[in-house]
Amino acid sequence: MSDYTVRARHTGALSFEVSNGRATLGTEWNPADGSWLATELFLAGVGACMLATLVDYAQHNNIDVTGAGVTVSAESATRPVRMSEINVTYELPEGLSQAHVDALVRAGDRCKVHNTIAAHPTFSVSATTRTP
């Protein structure tokens, strides 16, 4: 049994709906106002996981990171088409010691999504036929 499951469904043209069973959002193959590209969702997952892991560490160690943020960007490459470089920048509050900053960055790097990318997960791909 899977720990996590999401479902994407084609909704017309190059539009898709993604659901985790608790929330649904729309994605587009081509950028459109009010929608996300699948690659942006991927980067959002990386950033949200890394920031959540950093904040969890901070809370358990009484380090105030109220208002902390993260920006995640990526460079594209071809052959094969992919993101060749992912850049993560944390925005931390002023007044933290360098030791705290270093510890927070190390903590964020231990998030499940970052570790999954770094460890090159196994992919199992299959297809089924849906009956109407």
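Q: Helices (H or I, at least four residues) and strands (E, at least two) are DSSP runs, numbered from the N terminus. With that in hand, which element gives the most to the lining of the largest pocket?

A: The model discussed here is predicted. In it, α1 is the main contributor to the lining of the largest pocket, with seven residues.

Q: How is empty space found in general, and what volume does the largest pocket have?

A: The general idea is that a probe the size of a water molecule is rolled over the atoms, and this shows where empty space is left. Here the largest pocket has a volume of about 1500 Å³. Its lining holds 31 residues, and those closest to the centre are Tyr4, Val6, Phe42, Val113 and Thr116.

Q: Which elements each supply at least two residues of that lining?

A: Three strands and two helices do: β1 (7–12), β2 (15–19), β3 (24–28), α1 (38–60) and α3 (112–118).

Q: How do the residues of this lining divide by type?

A: The lining of the largest pocket has 17 nonpolar residues, 10 polar ones and four charged ones.

Q: What is the volume of the second largest pocket, and which residues line it?

A: The second largest pocket holds about 270 Å³ of space. Among the residues that line it are Ala8, Phe16, Val18, Glu28, Trp29 and Leu41. Two or more lining residues come from each of β2, β3 and α1. The largest share, three residues, belongs to α1. By type, this lining has seven nonpolar residues, two polar and one charged.

Q: How should I read the strands as a sheet, and in what order do they stand?

A: Two strands pair if DSSP finds at least two bridges between them. In this model three strands form an open sheet in the order β1-β2-β3, with antiparallel pairing. Each of β1 and β3 has a single partner strand and stands at an edge, so one side of each is without a neighbour in the sheet. Direction ignored, neighbouring strands of this sheet are turned by 30° against each other on average.

Q: How many bridges join β1 to β2, and which residue in β2 does Ala8 stand opposite?

A: Five bridges join these antiparallel strands. Ala8 has Val18 of β2 opposite to it. Both Ala8 and Val18 also line the second largest pocket.

Q: How many disulfides are there, and are Cys49 and Cys111 buried or exposed?

A: The structure has zero disulfides. For burial, the cut-off is under 20% relative accessible area. Cys49 counts as buried because its relative accessibility is 17%. Cys111 also counts as buried, at 1%.

Technical notes
Residues numbered from 1 in each chain as written. Predicted model: local features only at pLDDT ≥ 70, side-chain atom pairs only at ≥ 80, totals over all residues. Heavy atoms only, no water. 1 Å grid on protein atoms, 1.4 Å probe; cavity = no way out; pocket = protein on both sides within 12 Å on 5 of 7 lines; lining within 4 Å. Points joined across faces, edges and corners; volume = space filled by probe spheres on them. Nonpolar A, V, L, I, M, F, W, Y, C, P; charged D, E, K, R; others polar. Disulfide = S-S within 2.5 Å. Buried < 20%, exposed > 50% of the residue type's maximum accessible area, 1.4 Å probe, protein only. Axes fitted to C-alpha atoms, helices over the stretch in contact; angles between N-to-C directions.
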